[in-house]
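The following exercises concern the architecture of a protein chain and its contacts. Please study the sequence and the structure before reading each solution.

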Amino acid sequence: MLQKSISELAAGLRSGEFSSAELTQSFIDRIQRYDSQLNSVITLTDSAALDAAKAADARLKSGDVTALTGIPFLHKDIFCTDGVRTSCGSRMLDSFVAPYDATVTAKLKQAGAVMLGKTNMDEFAMGSSNETSFYGPVKNPWDQQRVPGGSSGGSAAAVAARLAPLATGTDTGGSIRQPAALCGITGIKPTYGRVSRYGMIAFASSLDQAGPLATSAQDAAIMLQAMAGFDPRDSTSIDQPVDQYAESLDDDLAGLTIGLPKEYFGAGLDTQVGAAVEAAVEAYKKLGAQVRDISLPNTSLAVPAYYVVAPAECSSNLSRMDGVRFGYRCEDPKDLEDLYVRSRGEGFGDEVKRRILVGTYALSAGYYDAYYLKAQQVRRLIRDDFVQAFKEVDIIMGPTSPGTAFRLGERCDDPVTMYLSDIYTIAVNLAGLPGMSIPAGMVDGLPVGLQLIGNYFEEARLLNAAHRYQQVSDWHTRMPAGFE
Amino acid sequence: MEWEVVIGLEIHAQLATRSKIFSAAPTAYGAEPNTQACAVDLGLPGVLPVLNASVVSMAAKFGLATHSTVARRSVFARKNYFYPDLPKGYQISQFELPIVHGGYLDIDMQDGETRRIGITRAHLEEDAGKSLHEDFQDETGIDLNRAGTPLLEIVSEPDMRSAAEAVAYMKKIHALVRYLEICDGNMQEGSFRCDANVSIRPKGQQAFGTRAEIKNINSFRFVERAINYEVERQIEVIEGGGEVVQETRLYDADRDETRSMRSKEEANDYRYFPDPDLLPVELDQAFIDEIEKALPELPDAKRERFVQIYDLPRADATALTGSRELADYFERTVAATGGEGKLCANWVMGELSGVLNKEGRDISESPVSPELLGGMLQRISDGTISGKIAKQVFEAMWSGEGDADTIIEKKGLRQITDSGAIEKIIRDVLEANPKQVEQYRGGQEKLLGFFVGQVMKISQGKANPGEVNKILKQILSG
């Protein structure tokens with residue numbers, strides 16, 4: 001059951017081999033059995049899940065089904081879910097029960113997918129290790145002394161340990177791809193605007209994008225299909241038809257041109273991780289792809305630009321967490337200022353405060369031009385690098401992360417080193433491009449992720465390339481020990 | 001020292017949309033607190049704004065009507081500050097790239113002079129909610145019904161030189177937004193309000209003095225009083241050897257004074273930046289042309305037409321075009337009389353406006369329709385009734401007794417034009433006042449008025465005054 005693909009599970013449900021209620025119960029059992037080790041789930045919604053599973057079973061009988069009807073999934077706790085606590089990993093929203101569904105939540109519900117619960121994450125998605133969560137760190141199932149990556153660490157760890165076949169994630173600066181890499185699973189961040197942001201608690205609005213985490217590209221394609229599409233409630237979502245991702249998964253890769261940016265293979269990259277990535281590229285050559293060295297000259301500017309733009313936007317986005325209408329409020333505020341200062345001082349963790357301060361500074365009168373405006377100009381340069389590259393190649397490949405999963409606590413006191421773990425993923429968000437991470441090797445028992453970057457709206461091409469690789473490799477089928 | 005006053009106004013006009021600027025919640029005034037605020041207005045986590053397209057057309061109309069540039073590309077920006085009735089912790093407004101900029105408006109002053117007031121810009125933004133301090137002990141209530149209401153903030157150049165000019169400008173903008181049907185202009189409900197930037201400088205000096213900003217003034221009268229108070233205050237400060245400080249002040253209408261709210265040092269750094277949740281507003285020329293084609297006739301053009309077509313004095317035309325409703329009422333009245341422009345103007349601006357004012361009613365609530373009024377005025381011009389009798393007829397129409405003809409018949413108010421009947425009354429009057437006849441003939445010609453008065457009295461005002469005069473003179477000279 002644990003190694004079955006979504007299509008196989010769906011076939012089992014349709015044939016009556018097992019019911020959604022049984023399938024759902026089996027994953028609830030696994031969460032209850034294993035999650036005390038991982039801490040990947042903040043809120044388990046088991047009884048609502050069983051109700052939804054029964055409804056899905058009825059729907060399965062009626063024949064009105066989608067590829068996800070009756071399939072359980074875990075939902076990152078950043079997506080508003082009607083009637084369910086939506087904490088965003090923060091004390092600030094520990095008591096916040098969302099009164100409405102995010103568009104992604106609603107779409108998955110309509111498809112008949114069964115939500116098992118809400119997953120742990122870095123507080124307000126700010127982090128690369130899942131250590132900033134108010135609910136405590138998530139452990140990497142491959143080595144519980146190590147981080148799962150972040151910010152979608154709970155979703156990635158849960159899927160890696162097969163506590164759910166699928167999970168949602170969000171990616172502002174690598175938050176789907178980096179934990180997917182560190183946990184040995186498949187994750188895709190679509191083009192900015194492909195998936196609605198409505199109801200997804202904003203970190204950095206111009207960068208945030210939701211996507212699926214799964215064990216294979218094939219499964220990710222099915223879940224992305226259900227999540228993607230124009231939403232009139234999100235002005236930045238794009239009104240363009242969604243490709244049928246499953247249809248092109250098996251397309252031949254002959255003639256595909258892969259670009260390897262030299263900046264992604266330089267200093268800072270773990271040599272063994274680099275070797276694993278190169279081996280994967282060799283496999284692509286065997287599949288008929290051509291490989292070309294390219295350059296993305298402004299790569300080194302991505303992290304600094306990101307750490308101006310993202311904090312600036314978050315400093316404004318998080319202003320609504322003021323203790324007035326919802327969420328955490330300090331005890332006995334003595335006046336308005338005290339209400340603000342203590343509610344926010346007590347409700348937010350250190351990393352969130354650090355970014356609010358950085359962002360507030362970057363937007364201040366007299367600094368705006370030097371920081372925010374400059375960062376936006378850099379962003380244009382980074383985008384232009386990619387536009388230029390995609391004139392010559394179809395897909396850009398490289399490592400997802402410079403190393404494998406690091407130890408819990410190792411980088412907590414060193415934000416800059418922590419930020420550098422996103423060095424290969426952040427530029428993709430700044431440019432708004434689709435990016436993907438797939439398992440491509442193991443180093444010392446820890447997974448290595450291969451990153452695939454596509455041109456705008458070429459999710460289908462990424463999924464196709466990832467799927468073809470997974471047909472000739474078995475990294476994605478490997479499971480961490482102890483979760484059988 | 002002679003001082004020159006420098007005034008610039010920021011007018012907030014609430015745009016007359018059914019739903020809010022970034023959400024589908026209704027904008028209707030006066031509902032129970034927090035019943036007209038949806039998740040977006042409450043600033044719940046995860047919600048996103050979606051621009052109400054009708055505000056764009058409304059702003060474009062305003063721009064075209066004020067000789068401004070309607071920007072092909074404008075950008076919404078976040079103005080960040082904390083306040084309990086500002087749910088998101090920022091207001092969505094426009095900063096560097098407003099939708100309208102660089103226009104002007106000509107205002108007519110009472111001395112007959114015209115002044116041109118520059119319009120720096122007009123930008124779209126959302127209103128905040130309301131903090132309620134009165135009804136709660138030691139607590140503040142928040143009503144977010146108004147949060148997200150669309151506003152057009154119209155910023156003038158510092159081109160006004162007196163409180164009277166500021167009021168004239170504000171009235172003209174008020175009339176204009178109502179002509180354009182983009183704002184209901186209701187000042188009591190806060191649909192139209194302004195902030196005034198006031199400074200003084202020695203006459204002849206080029207550089208501006210330090211200004212104070214008077215916030216949230218919601219009537220024409222208060223604008224005038226607040227500015228006059230503030231000017232006096234600033235003169236006193238400077239002549240007393242002090243300096244005006246840049247600050248925000250509040251006008252207290254009860255005490256007729258302005259009070260300091262916060263100084264420049266306490267002012268917020270709003271950390272404006274483009275709102276990443278909203279795309280830039282991009283307009284093509286065809287859209288702007290369509291709006292221009294659909295613009296109604298504007299006050300200045302209408303006034304010129306009234307002068308031309310109805311042969312009205314300029315002052316009458318200005319008064320009648322002060323609001324679109326008044327102008328429409330006037331034109332319908334003229335149509336009902338078959339073209340008596342001046343007569344209609346006199347009645348609309350005189351009797352009708354008088355009684356409306358007295359009863360505090362708007363012209364749209366007049367019980368006498370333009371058709372009724374026109375029907376009556378026709379009876380003046382065809383000689384059926386005199387102007388004096390018409391006032392009686394008008395009063396009867398006002399109290400709902402029917403149209404002019406019905407009232408004239410019922411009350412027997414028809415003018416006596418039969419010269420035989422008039423002559424008989426005159427002879428009776430002369431017979432009864434032989435002494436006066438003698439005096440008149442002896443040269444005291446001003447007694448003619450006495451005889452006319454007697455005749456009118458006996459005829460109960462119904463004798464045609466022209467006829468009375470004519471026949472009276474004939475007989476007396478005979």
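Two residues are in contact if their C-beta atoms, placed from the backbone, lie within 7 Å. The model examined here is predicted.

**Exercise 1.** Determine how many residues of domain 2 of chain B are in contact with domain 3 of chain B.

*Solution.*
Step 1. Locate the domains: the domain assignment of chain B places domain 1 at 3-290, domain 2 at 297-411 and domain 3 at 419-477.
Step 2. Consider the separation: 33 Å lies between the C-alpha centres of domain 2 and domain 3 of chain B.
Step 3. Count the contacts: four residues of domain 2 of chain B meet four residues of domain 3 of chain B.
Step 4. Classify the side of domain 2 of chain B that touches domain 3: one residue is nonpolar, two are polar and one is charged.

**Exercise 2.** Describe the side of chain B that touches chain A.

*Solution.*
Step 1. Count the residues: chain B contributes 24 and chain A contributes 34 to the contact.
Step 2. Identify elements: helix H1 (39-42) and strand E4 (76-80) of chain B each provide at least two residues of this side.
Step 3. Sort by class: on the side of chain B there are 15 nonpolar, four polar and five charged residues.

**Exercise 3.** Compare the radius of gyration of chain B with that of a compact globule of 478 residues.

*Solution.*
Step 1. For a compact globule of 478 residues, the radius would be near 23 Å.
Step 2. Chain B has 30 Å, which exceeds that value.
Step 3. Add the dimensions: along the principal axes, the C-alpha atoms of chain B fill a box of roughly 95 × 55 × 55 Å.

Terms used: Residues numbered from 1 in each chain as written. Chains lettered and ligands numbered in written order. Predicted model: local features only at pLDDT ≥ 70, side-chain atom pairs only at ≥ 80, totals over all residues. Domains from an automatic or database assignment. Nonpolar A, V, L, I, M, F, W, Y, C, P; charged D, E, K, R; others polar. Helix = DSSP H or I, 4+ residues; strand = E, 2+ residues; numbered from the N terminus. Rg over C-alpha atoms; globule rule 2.2 N^0.38 Å.
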